[in-house]
Amino acid sequence: MSTLIIERKTELSNSLRQIGVYIDGKKAGTIANGETREYDLPPGTHEVCCKIDWCTSNTIEVSGESELIKILQVSGFKNSGWIIPIAVAVTIVSLIGRAFGFASRYSLIILIPAFIIMLYYLTFGRRNYLTLSEK
């Protein structure tokens, strides 16, 4: 029997939610932020993917050959590392500006691209919201 190891990166986005691990379409378990889990695979070829809410990752085929150890890594959508901090910073600066009377309409213009990217990953790009890769 082979072993599948799935590592989840520590990230700000989705840090409070667990990601479901699916092997051959059946839920094998969940993985928390920054956690590593091991799953035993019976002989044969298996399809592995991860899901969080209605969003999924790509599917990777894993061979269940004897005593094989396969390591996969799962993470959130690839642009979350810069989109979310910028959106939060612009929102905070905008709120502070409004409190002191120098509100700017330009802060909204800066937020529009970040909003469009996040909206894409929550709708049309929901099948690529998570990234599952071989390590």
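Begin by selecting T3, which has its place in strand β1, spanning residues 2-8. The structure on screen is a predicted model.

With T3 highlighted, consider its surroundings. Is T3 buried or exposed? T3 counts as buried, because its relative accessibility is 19% and the cut-off for burial is under 20%. Next, display the residues around T3: with neighbours within four places in sequence set aside, T3 is in contact with E38, Y39 and D40, and also with L68, I69 and K70.

Proceed to strand β2, which covers residues 19-23, and select I19 there. I19 has a relative accessible area of 1% and is therefore buried. Which residues does I19 touch, not counting those up to four places away in sequence? They are R8, G29, T30, I31, C50, K51, I52, V74 and L130. Of these contacts, V74 merits a distance label: I19 and V74 are 55 residues apart along the chain, and their C-alpha atoms are separated by 8.9 Å.

For the final stop, select helix α1, residues 80-99, and pick out I92 within it. I92 has a relative accessible area of 45%, so this residue is partly exposed; the partly exposed class lies between the 20% and 50% limits. Now add V88, I96, F100 and F102 to the selection and show the surface: together with I92, these residues make a nonpolar surface patch of about 530 Å².

To review the tour, colour the three selected residues by exposure: T3 is buried at 19%, I19 is buried at 1%, and I92 is partly exposed at 45%.

Terms used. Residues are numbered from 1 along each chain as its sequence is written. This is a predicted model: local features need pLDDT of at least 70, side-chain atom pairs count only at pLDDT 80 or more; totals for chains, interfaces and linings use all residues. Side-chain values use heavy atoms; hydrogens and water are left out. Helices (H or I, at least four residues) and strands (E, at least two) are DSSP runs, numbered from the N terminus. Buried means under 20% relative accessible area, exposed over 50%, partly exposed in between (1.4 Å probe, protein chains only). Contact means heavy atoms within 4.5 Å. Patches are made of residues with over 30% relative accessible area and no salt bridge: like charges are joined within 9 Å, nonpolar side chains (Val, Leu, Ile, Met, Phe, Trp, Tyr) within 5 Å. Accessible areas come from the Shrake-Rupley method with a 1.4 Å probe; for residues, only the protein chains shown count as cover. A salt bridge is a side-chain nitrogen of Lys or Arg within 4 Å of a carboxyl oxygen of Asp or Glu.
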